[in-house]
Amino acid sequence: MFLEMGLWFVAAAALLLLVVLVVKRIAYGQALAVLGMALGIMLVLTAVFDNVMIAAGLFDYGEQTLLGLYLGRAPVEDFLYPLAAVILMPALWWLFGGKPTVEKEAAE
């Protein structure tokens with residue numbers, strides 16, 4: 001259940017990002033490089049803090065809703081939400097007028 005819900009969030013965010021990159025004429029390669037670095041940071045932070053919070057007993061998951069794959073104590077499904085956030089936030093920023101670091105015209 002968590003996996004399916006997370007995949008829907010990631011798919012919606014990825015679709016929006018693709019539309020924004022095309023419409024706003026943002027250079028794909030450099031945008032993806034920056035998003036990749038942000039994703040790496042978010043995944044490390046998620047791994048650390050989820051494991052700490054789960055170990056402290058702040059929250060728990062129903063085992064019947066998980067795949068059963070864990071990174072420490074954190075289920076792999078938990079990592080889909082940082083992925084969706086890393087995709088969605090820049091897409092919304094660029095969509096509503098934020099300036100990308102590199103546009104296609106400048107890159108050519």
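## How the labels are earned

Q: In which helix is Ala 31 found, and how do you know that the word helix applies?
A: Ala 31 is found in helix H2, and this is called a helix because helices (H or I, at least four residues) and strands (E, at least two) are DSSP runs, numbered from the N terminus. This is a predicted model, in which local features need pLDDT of at least 70, side-chain atom pairs count only at pLDDT 80 or more, and totals for chains, interfaces and linings use all residues. Residues are numbered from 1 along each chain as its sequence is written, and side-chain values use heavy atoms, with hydrogens and water left out.

Q: Why is Ala 31 called buried?
A: The relative accessibility of Ala 31 is 7%, and buried means under 20% relative accessible area, with exposed over 50% and partly exposed in between (1.4 Å probe, protein chains only), so Ala 31 meets the definition of buried.

Q: What is Ala 31 in contact with, leaving aside its neighbours within four places in sequence?
A: Ala 31 is in contact with Leu 21, Ile 26 and Trp 94, where contact means heavy atoms within 4.5 Å. The C-alpha atoms of Ala 31 and Leu 21 are separated by 8.5 Å, although these residues are 10 apart along the chain; the cut-off applies to heavy atoms, so this C-alpha separation does not by itself decide whether there is contact.

Q: Which residues of H2 are buried, and what covers them?
A: In H2 the buried residues are Ala 31, Leu 35, Thr 46, Ala 47, Asp 50, Asn 51 and Ile 54, and what covers them includes H1, S1, strand S2 (74–75) and H3.

Q: How do you know that the reach of H2 is close to the one expected?
A: H2 has 28 residues and reaches 39 Å from its first C-alpha to its last, while the expected span of a helix is 1.5 Å times one less than its number of residues, which gives 40 Å for H2, so its reach is called close to expectation. H3, with 16 residues, reaches 22 Å, close to the 22 Å expected.

Q: What makes Phe 2 and Tyr 61 an aromatic pair, and which kind of pair is it?
A: The structure holds 3 aromatic pairs, where rings of Phe, Tyr and Trp (its six-membered ring) pair if their centres lie within 6.5 Å, with planes under 30 degrees apart counted as stacked, over 60 as edge-to-face and the rest as tilted. Phe 2 and Tyr 61 lie 5.5 Å apart centre to centre, with 90 degrees between the planes, so both cut-offs are met and the pair is edge-to-face. This pair links distant parts of the chain, 59 residues apart, with Phe 2 in helix H1 (residues 2–23) and Tyr 61 in the loop between helix H2 (28–55) and strand S1 (70–71).

Q: Why do Phe 2 and Tyr 61 carry the labels partly exposed and buried?
A: Phe 2 has a relative accessible area of 23% and is therefore partly exposed, whereas Tyr 61, at 16%, is therefore buried.

Q: What makes Phe 59 and Tyr 61 an edge-to-face pair?
A: Their rings are 5.7 Å apart centre to centre, with 85 degrees between the planes, and Phe 59 counts as partly exposed because its relative accessibility is 27%. Phe 2, Phe 59 and Tyr 61 form one aromatic cluster.

Q: What makes the largest nonpolar core a core, and which residues have the most contacts inside it?
A: The largest nonpolar core has 14 residues, and those with the most contacts inside it are Leu 17, Leu 21, Ile 26 and Trp 94; such a core is a set of buried Ala, Val, Leu, Ile, Met, Phe, Trp, Tyr and Cys residues joined through side-chain atoms within 4.5 Å. H1, H2 and helix H3 (80–95) each give two or more residues to this core, and its largest share, 6 residues, comes from H3. Apart from it lies another core of 6 residues, including Ala 47, Ile 54, Ala 74 and Phe 79.

Q: How do you know where confidence is lowest and where it is highest?
A: pLDDT is the predictor's confidence in each residue, from 0 to 100; its mean is lowest in helix H4 (residues 104–107), at 52, and highest in H3, at 95. The protein averages 89, and 93% of the residues score at least 70.
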